[in-house]
Amino acid sequence: MVSLSNDWDEILRGEFSSPYYLELREFLKSEYSTRRIYPKMEDIYNALRYTSYAGTRVVILGQDPYHGEGQAHGLCFSVKEGVKFPPSLKNIFKELNSELGIAEPKSGELVGWAKQGVLLLNTTLTVREGAPQSHKGRGWEELTDKIISLLNEKRESVVFMLWGGNARAKSSLITNKHHLVLECAHPSPLSAYAGFFGCGHFTLANEFLLSQGLGAIEWDKINDYK
């Protein structure tokens, strides 16, 4: 059984025993035993472990995990300390610098954001090595749809930052008017110049959170997690 050690355990209990999830679990058991899959099995749910349901103030929604060795560790766009920044992450740091003057950090490990209430979630939580979107359509979308729908039910306002087509497809699940939905292109080099650069999402998120009395995210505290 999945253990997240916070309120997500109870909230998602029904999902983890549902037919679609049990089918997904069997698929993953086969994949992890016969192929190289990322992230490591124990890291799949790190986004939910680091950021509780009650504590979620911002959701950054990506596509699927990095598909290169040593990159993915369960938080969208994040890589462990010491790992070279993938192009999408480099572009996120460029936008941060352009918007807020924040210098590129030493580490690409975004746990400092997660611990402030930024849920760093992908729409699909696993991937085969070298094969983007290879686990799309296997059941992850049902789970992440449920997560977004549950966050939509929160009484407290949440900022949803939807980056790329797969993430933007979830916008129809966010129906409560007290949330803020921000959409743009994916930060990948293939699309960053089509709307990610200059999106202003980090600034807009904090302006909204402050207007709701929720406190701003300290976007410069990227690596403040030790």
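This short talk goes through the aromatic ring pairs of the structure and then its two largest pockets. Please keep in mind throughout that what we are looking at is a predicted model.

Let me start with the rings. A pair of aromatic rings is described by two things, the distance of the centres and the angle of the planes. This structure holds 13 aromatic pairs, and I will take two of them in turn. In the pair formed by Phe16 and Tyr21, the ring centres are 5.0 Å apart and the planes stand at 65°, and because an angle over 60 degrees counts as edge-to-face, that is the name this pair receives. Phe16 and Tyr21 are both buried.

The other pair I would like to show is Phe77 with Trp163, where the centres lie 5.5 Å apart and the planes meet at 50°, so this pair is classed as tilted. Here, too, both residues are buried. As for where they sit, Phe77 is in the loop between strand S2 (58-62) and helix H4 (87-100), while Trp163 belongs to strand S5 (residues 159-163), so the pair ties together parts that are 86 residues apart in sequence. Phe77 and Trp163 also belong to a cluster that ring pairs build up, together with Trp113, Tyr193, Phe196, Phe197, Phe202 and Trp219.

Before leaving the rings, I should mention one contact with a charge: the charged end of Lys154 sits over the ring of Tyr53, at 5.5 Å from the centre of that ring.

Now to the pockets. The largest pocket has a volume of about 470 Å³, and of the 29 residues that line it, Asp64, Pro65, Tyr66, Ser88 and His186 are the closest to its centre. Which elements supply the lining of the largest pocket? Helix H3 (46-50), helix H4 and strand S3 (118-122) each supply at least two residues, and the largest share, 3 residues, comes from S3. Sorted by class, this lining has 17 nonpolar and 11 polar residues, with 1 charged residue.

The second largest pocket holds about 280 Å³ of space. It is lined by 14 residues, and those closest to its centre are Val2, Tyr21, Arg25, Met41 and Tyr45; Tyr21 is the residue we met earlier as the ring partner of Phe16. Helix H2 (residues 19-34) gives the most to the lining of the second largest pocket, namely 5 residues. By class, the lining of the second largest pocket divides into 9 nonpolar, 1 polar and 4 charged residues.

Key
Residues are numbered from 1 along each chain as its sequence is written. This is a predicted model: local features need pLDDT of at least 70, side-chain atom pairs count only at pLDDT 80 or more; totals for chains, interfaces and linings use all residues. Side-chain values use heavy atoms; hydrogens and water are left out. Rings of Phe, Tyr and Trp (its six-membered ring) pair if their centres lie within 6.5 Å; planes under 30 degrees apart count as stacked, over 60 as edge-to-face and the rest as tilted. Buried means under 20% relative accessible area, exposed over 50%, partly exposed in between (1.4 Å probe, protein chains only). Helices (H or I, at least four residues) and strands (E, at least two) are DSSP runs, numbered from the N terminus. A charge sits over a ring if NZ of Lys or CZ of Arg is within 6 Å of the ring centre and within 35 degrees of the ring normal. On a 1 Å grid over the protein atoms alone, a cavity is a set of points where a 1.4 Å probe fits but cannot get out, and a pocket is an open set with protein on both sides within 12 Å along at least five of seven lines; lining residues have an atom within 4 Å of a point. Grid points are joined across faces, edges and corners, and a volume is the space filled by probe spheres set on the points. Ala, Val, Leu, Ile, Met, Phe, Trp, Tyr, Cys and Pro count as nonpolar, Asp, Glu, Lys and Arg as charged, and the others, Gly among them, as polar.
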